[in-house]
Amino acid sequence: MYIIFLMIAISVTVAAAFLGAFLWAVRSGQYDDDYTPAVRMLFDNEIPAKNRKKPKE
C-alpha cells in the first residue's frame, strides 16, 4: 500500500513540474507567434535585392 502513495506523490510532482514548465513557456512568449515560423520556410531561398545579379543580354 505504501508504494501506491509513493507513486501518487511522484505523479503529482511530475505533473506539477510539467505545468510549471508550460506556464513558464506561455509567459515567456514562445507561443505568441504561431504563424511566422510556418511561413518563413517558404521564403528562405529569396536572394536579397542588392546581391541579385542582372541577367546578361
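A residue counts as buried when its relative accessible area is under 20%, as exposed when that area is over 50%, and as partly exposed in between. By this rule, 4% of the 57 residues of the protein chain are buried in this predicted model. The accessible surface of the protein chain comes to about 6000 Å², and carbon and sulfur atoms account for 65% of that surface.

The secondary structure of the protein chain consists of two helices and zero strands. Helix H1 covers residues 2–27; with 26 residues at 1.5 Å a residue, H1 should span 38 Å, and this agrees with the 38 Å between its end C-alpha atoms. After H1 comes Gly-29, which has a positive phi near 90°.

A nonpolar patch of about 1300 Å² on the surface is made by Met-1, Tyr-2, Ile-3, Ile-4, Phe-5, Leu-6, Met-7, Ile-8, Ile-10, Val-12, Val-14 and Phe-18. One of these residues, Ile-4, lies in H1 and is classed as partly exposed, because its relative accessibility of 44% falls between the limits for buried and exposed.

Aromatic contacts are limited to one pair under the ring-centre criterion. The pair joins Phe-22 and Tyr-31, whose ring centres are 6.2 Å apart and whose planes meet at 45°, so the pair is tilted rather than stacked or edge-to-face, given that stacked requires under 30 degrees and edge-to-face over 60. The two partners fall into the accessibility classes tabulated here together with Ile-4.

| Residue | Relative accessible area | Class |
|---|---|---|
| Ile-4 | 44% | partly exposed |
| Phe-22 | 45% | partly exposed |
| Tyr-31 | 54% | exposed |

Tyr-31 is exposed because its 54% lies over the 50% limit, whereas Phe-22, at 45%, is partly exposed.

Notes
Residues are numbered from 1 along each chain as its sequence is written. This is a predicted model: local features need pLDDT of at least 70, side-chain atom pairs count only at pLDDT 80 or more; totals for chains, interfaces and linings use all residues. Side-chain values use heavy atoms; hydrogens and water are left out. Patches are made of residues with over 30% relative accessible area and no salt bridge: like charges are joined within 9 Å, nonpolar side chains (Val, Leu, Ile, Met, Phe, Trp, Tyr) within 5 Å. Accessible areas come from the Shrake-Rupley method with a 1.4 Å probe; for residues, only the protein chains shown count as cover. A salt bridge is a side-chain nitrogen of Lys or Arg within 4 Å of a carboxyl oxygen of Asp or Glu. Helices (H or I, at least four residues) and strands (E, at least two) are DSSP runs, numbered from the N terminus. Buried means under 20% relative accessible area, exposed over 50%, partly exposed in between (1.4 Å probe, protein chains only). The expected span of a helix is 1.5 Å times one less than its number of residues. Rings of Phe, Tyr and Trp (its six-membered ring) pair if their centres lie within 6.5 Å; planes under 30 degrees apart count as stacked, over 60 as edge-to-face and the rest as tilted.
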